Amino acid sequence: MTEPAPPDRHARGMAVRRAVLGDAHVNRAEAAKTPLDAPFQDLITEAAWGTVWASDAISRRERSMLTLALLAATGNFDEIPMHIRATARTGASRRDVMEAFQHVAIYAGVPRANHAIRLAKQTYAEMDEEAAR
């Protein structure tokens, strides 16, 4: 049996998750949490957000670029829009994102980069429309 993470890792993870993804997103995710997926939600809060994203070894801007490139390179496209939206809080510019996806094209394949770029363009258009309201 594994030992639970220290309570501060969960709290730190939740704070970082909110800072990167925004309160509205995290509130929706928390409201949708059930006893079935609660252990998974705790895992990502503690490991992804409380450990990896909480590290100060690289900036959140760089983490956004890495995350988007890795999602695209591995074909995990469902989370790309969420992480595109997060760039508004991490400081990764649209040019940064396109540079990351160009790396994906060269090292992981043009079709994956092309799909990621299409998702980014769609998400940025939605963000622009929301900002104009």
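The largest pocket of this predicted model encloses about 420 Å³ of space. Its lining is made up of 19 residues, and those closest to the pocket centre are Ala-48, Trp-49, Glu-79, Met-82 and His-83. Five helices each give two or more residues to this lining: helix 1 (7–21), helix 2 (23–32), helix 3 (38–52), helix 4 (60–73) and helix 5 (80–90). Helix 3 provides the largest share, with 6 residues. In terms of chemical character, the lining divides into 12 nonpolar, 4 polar and 3 charged residues.

A good residue to look up next is Arg-17, which is found in helix 1. Is Arg-17 buried or exposed? Its relative accessibility is 3%, and because buried means under 20%, Arg-17 counts as buried. Beyond its neighbours within four places in sequence, Arg-17 is in contact with Gly-22, Val-26, Ala-29, Glu-30, Gln-41, Thr-45 and Trp-49. Trp-49, one of these partners, was met above among the residues closest to the centre of the largest pocket.

Attention can now turn to the nonpolar interior. In soluble globular proteins, nonpolar side chains tend to be buried together. Here, the largest nonpolar core has 19 residues, and Ile-80, Ile-84 and Phe-101 are those with the most contacts inside it. Two or more residues of this core come from each of helix 4, helix 5, helix 6 (94–107) and helix 7. The greatest contribution, 6 residues, is made by helix 7. Phe-101 gives a handy view of how this region is put together: leaving out residues up to four places away in sequence, Phe-101 touches Leu-68, Ala-69, Ala-72, Ile-80, Ala-113, Ala-116, Ile-117 and Ala-120. Apart from this core lies another, of 8 residues, including Met-14, Val-20, Trp-49 and Ala-86. Trp-49 thus appears once more, as a member of this other core and as a contact of Arg-17.

Helix 7, which spans residues 110–132, also holds Thr-123. With a relative accessibility of 2%, Thr-123 counts as buried. Which residues does Thr-123 meet, once neighbours within four places in sequence are set aside? The contacts are Pro-81, Ile-84 and Arg-85; of these, Ile-84 is also among the residues with the most contacts inside the largest nonpolar core. Thr-123 and Arg-85 are 38 residues apart along the chain, and their C-alpha atoms are separated by 7.3 Å.

Conventions
Residues numbered from 1 in each chain as written. Predicted model: local features only at pLDDT ≥ 70, side-chain atom pairs only at ≥ 80, totals over all residues. Heavy atoms only, no water. 1 Å grid on protein atoms, 1.4 Å probe; cavity = no way out; pocket = protein on both sides within 12 Å on 5 of 7 lines; lining within 4 Å. Points joined across faces, edges and corners; volume = space filled by probe spheres on them. Helix = DSSP H or I, 4+ residues; strand = E, 2+ residues; numbered from the N terminus. Nonpolar A, V, L, I, M, F, W, Y, C, P; charged D, E, K, R; others polar. Buried < 20%, exposed > 50% of the residue type's maximum accessible area, 1.4 Å probe, protein only. Contact = heavy atoms within 4.5 Å. Core = buried A, V, L, I, M, F, W, Y, C linked by side-chain atoms within 4.5 Å.
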